[in-house]
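Please read the following report alongside the sequence and the coordinates. It treats burial, strand pairing, helix packing and cysteines in turn.

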Amino acid sequence: MTEPVKLTSMAKAAGCAAKLAPGTLDAVLRQLPQQTDANVLVGFETNDDAGVLLLNENSALVQTVDFFTPIVDDARTFGEIAATNALSDVYAMGGRPISALTIVGFPEKGDPGLLAQIMHGGLAKMIEANCTVLGGHSIRNDDVLFGYAVTGLIDPKKVWKNVGARTGDFLIFTKALGTGVISTAIKKEKCSADSIAAAVRSMTTLNRAAAEALHEIESQPDRGDAIHAVTDVTGFGLLGHAREMALGNPQKGIPPASFLIDHLAFNYLPGALEAAKNGYLPGGLKNNRDFIGDCVEFAPAVAQEFRDLLFDPQ
């Protein structure tokens, strides 16, 4: 009998914590030339969740790509989480996912059965989202990588961007915080079964219902302009993505805003506060704090574990 493989041991960093540091990425993107295609409704200039390309007066494509390293040890669950994460970018723009291409990085001598479980998990979530997997691409890689490039359809007149929050807006947040510190605790074998189960439930719940709720608000009479900025909170943490939403929209004459956040108003996953207190902080959390720490002012009464969790990559 052989010991089951711990999937999180097959990567140096877990999930979205494996992202490039936001400061590095920001510096590179600033060097790239601007595009002049009039059909590009949303490009990479605003670091939005997905790109949007106009097809005709009533239809546009929304496209994203998202893949990462194992965040849990169960292979099928990891596949489900990776698929949920990739689909989330389309929902965050207000789109409906229709097709996807699989992205795989896997060790040359890895167990093919493990890869099959990962892909089964991902496909199950894609089927749940009514999104057809058309194919994909794979490479040999020391770290396990898995995710999807997802294409969706969207009404070009109802694209939700991650910029444009206005003074007086309310922030609606739909999930609990703490998946980054819990994933790090899992790698250290210092996480309870209840914490893992709660984090998995959150990470495998499609953001479709949240998007549909916003569509309902948008469809009400005289409420078509009620939604000013939307994003999904992933690798840059709550504060990193809040910064993007607060930057304003110069094209529409919307000035930058500030967020006033009550840290006790958020839900935190079971075990997340304890993991943060015990120092199970992912590298991505530290990168986020280095990048946007100067944009944030904490009241003295805010305990360090709450400060850490607001930077935690999700």
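The paragraphs below describe a predicted model, beginning with a strand and its partners.

Strand β6, which spans residues 145-154, has eight of its ten residues buried, so the strand is largely enclosed by the rest of the structure. Part of its setting comes from strand pairing: strand β3 (residues 59-68) runs antiparallel to β6 and is joined to it by nine bridges, and strand β4 (residues 96-106) also pairs with β6 in the antiparallel sense, over nine bridges. Within these pairings, Asp66 stands opposite Tyr148 of β6, while Gly105 has Leu145 of β6 as its bridge partner.

Helix α9 (residues 283-292) offers a second view of burial, for Gly284, Leu285, Asn288 and Ile292 are buried in this helix. Seen down the axis of α9, these buried residues fall within an arc of 105°, so they line one face of the helix. The elements that cover the buried residues of α9 include α1 (22-29), α4 (179-187), α7 (237-246) and α10 (304-311).

The cysteines can be considered next, and the table lists two of them with their relative accessible areas.

| Residue | Relative accessible area | Class |
|---|---|---|
| Cys131 | 3% | buried |
| Cys191 | 22% | partly exposed |

Cys131, at 3%, is buried because the class takes in values under 20%, whereas Cys191, at 22%, is partly exposed because its value lies between the 20% and 50% limits. With a disulfide taken as a pair of cysteine sulfur atoms within 2.5 Å, the count of disulfides in the model comes to zero.

Notes: Residues are numbered from 1 along each chain as its sequence is written. This is a predicted model: local features need pLDDT of at least 70, side-chain atom pairs count only at pLDDT 80 or more; totals for chains, interfaces and linings use all residues. Side-chain values use heavy atoms; hydrogens and water are left out. Buried means under 20% relative accessible area, exposed over 50%, partly exposed in between (1.4 Å probe, protein chains only). Helices (H or I, at least four residues) and strands (E, at least two) are DSSP runs, numbered from the N terminus. Two strands pair if DSSP finds at least two bridges between them. The arc is that of the directions from the helix axis to the C-beta atoms. Contact means heavy atoms within 4.5 Å.
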